[in-house]
Amino acid sequence: MTGLLLYARSRALPLTLLALAGTTAFAVWAAGSLDAYLDPYRRVPVVALAPLLAAAVIGTSLYSASDELDRTSVRPWWPRRLAQLGALTALAALVLPLAVLGHAETFGPPAVVRNTLGCTGVTAAAAVVLGARLSWLPAFGYVTAVYLASSGARGRAVTVWAWPMQPGAQPGAWAAALTAFVVGAALYAVRGARAEGPRG
Amino acid sequence: MSLVTDRRAPAARAPHPLRAEALRGFAPFAGAAVLLTLGVLLAGSAARWQGGWAETAAQTHITVLIAVPLAAASGCWQGGRERRRRTEELWGTLVRAPLARFLASALPVALWTAAGYLAAAGLAMLATWPYAQGDRPHPELLPGDTVAVAAAALLGHVVGRALPTRLAAPLLAIAGYVGLGVLSVSHSGSARHLDPAFPIMAPDAPVWWQPVSMAVWTAGLAFAAVLAYAARRRVTALLPLAAAVAAGAVLTQTGDGLWHEAPLARRQVCDTSTTPAVCVNARYAGMLPQVADALSGITGKLKGVRNLPVRWEERDHESHDAEAQLPSLTPLGWSVVRGRLTDPREFAWGATAALQRRPDCLHSTERMRRADDAVEAYLAPSPGQRTFDDIDARGDAAHRADLRKRLAARARLAGMGEEERRDWLSAYFATAGTCDVKGVPAL
């Protein structure tokens with residue numbers, strides 16, 4: 001078995017891919033049952049929550065069962081970490097928009113891609129701070145809280161702090177999500193997920 | 001001396017396992033996560049509840065929609081702890097019964113998440129206090145909500161023990177959020193009354209036994225699951241299950257009767273020193289001076305004018321002839337934020353339109369439209385009046401001519417003598433609320 005395949009198996013990547021496929025299938029089903037052709041705003045639950053679920057799946061795949069052993073390696077880890085995070089995020093950003101085709105200006109594929117990037121960034125940063133297996137927690141708390149808080153909120157700042165709930169063409173929301181992704185991915189590539197000892 | 005010390009040492013009791021579990025590890029972190037998440041939600045929506053006690057209670061209740069899935073996911077995470085640590089077999093060797101072992105690790109998360117919820121609710125009340133304009137705090141829903149959060153943590157713990165997968169906790173969180181969200185937005189079906197996050201309108205209050213029934217319903221389900229999973233005699237799970245089913249049946253059978261409008265919301269407090277008198281809902285009694293002040297420009301100009309409504313009232317129903325509808329202070333976050341009128345000029349303009357009460361007339365004449373515009377401009381001009389005038393000034397010849405006539409009518413009304421204007425306004429307000437084209441006095 002090549003090193004790459006061993007790496008993929010050690011990070012439970014086959015299971016992760018399966019979970020991402022399941023997330024996409026659920027998103028497609030949910031978007032279909034929301035009758036969104038009547039009103040694109042009905043897609044908001046899918047646009048906000050499907051990327052959150054995908055980010056949770058990606059975040060838990062960043063766990064290494066042998067991080068002490070990993071640290072003894074002579075090769076640098078950051079290219080592998082970055083490739084893993086980047087490839088899984090790209091895959092999620094590619095397949096999740098299939099659930100919400102059309103209405104690109106409001107709640108369509110661009111909004112899903114943006115939310116996937118933002119949620120994955122927050123989750124990757126959380127993996128560095130909290131550990132990979134608990135990395136879903138901050139993104140879940142933030143996205144669900146903003147979901148309820150931002151309805152009816154006014155002002156320019158809302159497009160930034162409520163980025164998961166903004167229409168696809170909102171530059172402030174894109175800036176916030178891209179910043180989250182760049183910071184999260186860089187942190188994870190440099191530091192790796194927090195070592196989870198036997199007390200985890 | 002050393003003998004005495006040696007004798008006392010064995011007598012010192014070891015700290016209770018619950019204490020160690022509650023003070024260290026994941027439980028306090030779970031409580032902090034609930035507090036922080038609810039803090040983000042409450043801070044982001046502060047303009048919509050801060051300053052109104054009923055709104056604060058309703059918004060705190062809505063946060064259950066997040067607190068319950070988050071507590072369940074936290075419990076689930078804690079439930080998988082022994083598997084992650086690979087200490088399941090070690091725990092199996094303890095002399096304590098499985099139920100005691102289960103509760104020792106499950107109860108701290110339940111208590112901390114419930115404490116996180118209570119702390120968020122307490123902070124929300126503290127944030128409302130300095131801006132409150134009347135009414136009183138409404139903690140009626142807190143007991144039921146707090147028990148629901150703790151029960152969710154216990155249920156999540158059972159799931160965490162039973163499902164050996166890393167994704168169990170995030171899946172449970174998102175499934176719980178989606179499930180409660182779907183129940184919350186459903187407008188029919190008696191099952192929605194079983195939803196601990198059932199959204200309520202701000203002035204509504206529960207009957208006194210609703211929080212008790214909700215607590216029995218959620219705690220009963222949780223204890224049934226715990227006993228079925230960990231008790232030595234699993235049949236004991238039937239007891240809390242029966243209590244939960246009974247409470248659930250009471251909730252679903254009562255349905256909409258669980259909620260009633262708070263008596264205070266039907267009362268008005270009035271400032272009768274002006275004509276028309278100014279009345280606001282008793283829940284915002286403290287706003288009366290501000291509202292009266294915002295309308296003082298209008299009431300000052302209407303002194304001695306006849307045919308006016310007796311009062312402005314803030315009510316949902318259609319106004320009677322003797323009353324004009326005051327621009328609504330609710331929902332908070334629009335015309336009122338933190339106990340202050342956001343735009344007194346716009347509020348006064350809305351109150352003027354309420355005095356005119358001109359319905360959508362099929363055959364409104366130029367005279368009627370010009371009189372309405374002149375009265376509006378005299379009493380409380382619309383904040384957008386200058387903009388509309390500018391647009392007309394840049395428009396075609398017809399628009400410019402219309403603007404000239406409007407400005408002339410405004411100038412004529414403003415230039416009348418006191419007595420003449422009072423008579424003209426009395427004649428004008430005699431036609432308010434009608435499409436009496438001929439009755440509107442000319443300008």
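**Two chains, from one helix outward**

Helix 6 of chain A, which covers residues 109-130, has 22 residues, and at 1.5 Å a residue these should span 32 Å; the C-alpha atoms at its two ends are 30 Å apart, which agrees with that expectation. The model to which this helix belongs is a predicted one, and within chain A confidence is highest in helix 6, at a mean pLDDT of 96, whereas it is lowest in helix 4 (residues 67-70), at 82. Over the whole of chain A the mean pLDDT is 90, with 96% of the residues reaching 70 or more. Helix 6 of chain A is also mostly covered, since 20 of its 22 residues are buried.

The two ends of this helix are each flanked by a glycine that deserves a look. Just after helix 6 of chain A comes A:Gly131, which takes a positive phi of about 110°. On the other side, A:Gly108 lies in the loop between helix 5 (78-95) and helix 6 of chain A, and it counts as buried because 21 C-beta neighbours fall inside 10 Å, where the cut-off is 20 or more. Once its neighbours within four places in sequence are left aside, A:Gly108 is in contact with A:Val100, A:Leu101, A:Gly102, A:His103 and A:Gly168. A:Gly86, by contrast, is 22 residues from A:Gly108 in sequence and 22 Å from A:Gly108 in space, taken C-alpha to C-alpha.

Seen as a whole, chain A has nine helices and zero strands. Its radius of gyration is 17 Å, close to the 16 Å that the globule rule gives for 200 residues, so chain A is as compact as a globular protein of that length. Along the principal axes, its C-alpha atoms fill a box of roughly 55 × 35 × 30 Å. Of the 200 residues of chain A, 52% count as buried, and among its contacts between residues at least 6 apart in sequence, 74% join residues at least 24 apart.

Chain A meets its partner through 26 residues, which are in contact with 23 residues of chain B. On the side of chain A that touches chain B, the elements giving two or more residues are helix 3 (44-60) and helix 7 (136-149) of chain A, and helix 7 provides the largest share, ten residues. By class, this side of chain A has 18 nonpolar, six polar and two charged residues.

Chain B is built from 19 helices and eight strands. Its radius of gyration, 31 Å, is well over the 22 Å that the globule rule gives for 443 residues, so chain B is more spread out than a compact globule. The C-alpha trace of chain B spans about 105 × 60 × 45 Å along its principal axes. Buried residues make up 43% of the 443 residues in chain B, and of its contacts with a separation of 6 or more, 75% are accounted for by residues 24 or more positions apart.

How is chain B divided? The assignment gives domain 1 (15-262) and domain 2 (267-429) of chain B, and the centres of these two domains, taken over C-alpha atoms, are separated by 49 Å. The contact between them takes 14 residues from domain 1 of chain B and 13 residues from domain 2 of chain B. By class, the side of domain 1 of chain B that touches domain 2 of chain B has six nonpolar, five polar and three charged residues.

How values were computed:
Residues are numbered from 1 along each chain as its sequence is written. Chains are lettered from A and ligands numbered from 1 in the order in which they are written. This is a predicted model: local features need pLDDT of at least 70, side-chain atom pairs count only at pLDDT 80 or more; totals for chains, interfaces and linings use all residues. Two residues are in contact if their C-beta atoms, placed from the backbone, lie within 7 Å. Helices (H or I, at least four residues) and strands (E, at least two) are DSSP runs, numbered from the N terminus. Ala, Val, Leu, Ile, Met, Phe, Trp, Tyr, Cys and Pro count as nonpolar, Asp, Glu, Lys and Arg as charged, and the others, Gly among them, as polar. The radius of gyration is taken over C-alpha atoms; the globule rule is 2.2 Å times the number of residues to the power 0.38. A residue is buried if 20 or more other C-beta atoms lie within 10 Å of its own, exposed if 12 or fewer, and partly exposed in between; C-beta atoms are placed from the backbone. Domain bounds come from an automatic or database domain assignment. The expected span of a helix is 1.5 Å times one less than its number of residues. pLDDT is the predictor's confidence in each residue, from 0 to 100.
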